[in-house]
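User: I am a first-year student and would like a close look at the salt bridges of this structure. Please take me through them slowly, and explain each term when you use it.

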Amino acid sequence: MAGRVVSGLIHVVKKTSRPIYQPPTFFEDLRSQVPFIFAMWHGQFMMLADVNTREYKVAAMVSRHGDGEIVAHFLRGFGISAIRGAGAGHRKRNRGGAYALRAAVRALEEGTIVAMTADVPPCRPRHAGEGIVTLARLSGRPIIPIAAATSRCIVLNTWSKMTINLPFSDLALVAGEPIFVAADADDVELERKRREVENALNTVTSRAYEIARATEPKLDSASPQATSSRNT
């Protein structure tokens with residue numbers, strides 16, 4: 001039921017909002033890099049499911065916990081399959097990350113676009129983990145940072161400041177330049193590329209909020225109170 005509600009909301013937001021793409025060749029640029037690794041931040045991914053044009057197969061890396069089940073369900077409505085598993089994060093638990101990484105490499109080899117969040121819950125939000133650059137190194141495919149923002153939204157008081165986009169908005173979608181990771185990249189180079197991905201995602205996210213004329217969520221909020229805020 002939750003998956004259907006989220007899917008329905010995404011469709012309503014898309015139908016009632018004015019899309020603004022940057023660059024204007026947004027879709028053409030993405031097509032030129034297929035298959036690629038579609039990178040996004042946790043908390044800012046709601047409208048990115050609708051980017052799928054269904055011209056190509058798309059698979060998303062989704063965690064195995066209950067919230068992940070909801071995400072996997074609503075993604076199916078947009079023609080996106082799920083690769084179940086996620087990085088261990090600071091808890092170092094087995095969350096199926098190794099399986100998901102192998103499955104993602106196979107999907108890219110078969111021509112499927114792989115979507116994944118760069119930050120690993122419940123670690124520091126908007127801090128790219130090593131998983132996404134490792135996938136790029138193993139697959140040889142580029143990482144493309146992509147962000148979406150709406151002029152009207154609700155920001156939840158979660159670790160990632162999960163954003164619920166609202167109808168009748170300006171909807172900005174921004175894509176950055178592709179980032180490649182060499183197959184022989186050592187630890188120093190992987191760290192440099194991880195920072196490059198992190199900076200690029202922060203740049204496209206800030207640009208999306210700027211275009212949508214919305215206030216970007218503050219990630220250092222000291223308030224523990226479970227409240228939400230609106231941008232109008």
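Analyst: What follows is a walk through the salt bridges, and after them a short look at one helix and one group of aromatic rings.

The model is predicted, and for that reason local features are taken at pLDDT of at least 70 and side-chain atom pairs only at pLDDT 80 or more, while totals for chains, interfaces and linings use all residues. Residues are numbered from 1 along each chain as its sequence is written, and side-chain values use heavy atoms, with hydrogens and water left out.

Side chains of opposite charge can pair when their charged atoms come close. Here a salt bridge is a side-chain nitrogen of Lys or Arg within 4 Å of a carboxyl oxygen of Asp or Glu, and by this rule the structure has eleven salt bridges.

One of them joins the side chains of E55 and R31, with 2.9 Å from N to O. This pair links distant parts of the chain, since E55 lies in the loop between β2 and β3 and R31 in helix α2 (residues 26–31), 24 residues apart. The helix and strand names come from DSSP runs, numbered from the N terminus, where a helix (H or I) has at least four residues and a strand (E) at least two. To describe how open a residue is, buried means under 20% relative accessible area, exposed means over 50%, and partly exposed lies in between, using a 1.4 Å probe and protein chains only. E55 counts as partly exposed because its relative accessibility is 43%, and R31 is partly exposed too, at 34%.

A second salt bridge is formed by the side chains of R126 and E216, at 2.5 Å from N to O. Distant parts of the chain are again linked, with R126 in the loop between β5 and α5 and E216 in the loop between α6 (187–212) and β10 (228–231), 90 residues apart. R126 is buried, because its relative accessible area is 7%, whereas E216, at 24%, is partly exposed.

The side chains of E191 and R194 also meet in a salt bridge, with 3.0 Å from N to O. These two are three residues apart in helix α6, so about one helical turn separates them. An α-helix has 3.6 residues a turn, so residues three or four places apart point the same way. E191 is partly exposed, with a relative accessible area of 30%, while R194 is buried at 6% relative accessibility. The pair belongs to a network of salt bridges that links E191, R194, R195 and E198.

Turning to another helix, α4 (residues 97–109) has 13 residues and reaches 18 Å from its first C-alpha to its last. That is close to the expected 18 Å, a span defined as 1.5 Å times one less than the number of residues. Its buried residues are A100, A103, A104, V105, A107 and L108. After α4 comes G111, whose phi is positive, near 95 degrees.

Lastly, rings of Phe, Tyr and Trp (its six-membered ring) pair if their centres lie within 6.5 Å, and planes under 30 degrees apart count as stacked, over 60 as edge-to-face and the rest as tilted. The structure holds four aromatic pairs, among them F26 and F27, an edge-to-face pair at 5.1 Å centre to centre with 80 degrees between the planes. F26 is buried at 1% relative accessible area, but F27 is partly exposed at 22%. Together with Y21, F26 and F27 form one aromatic cluster.
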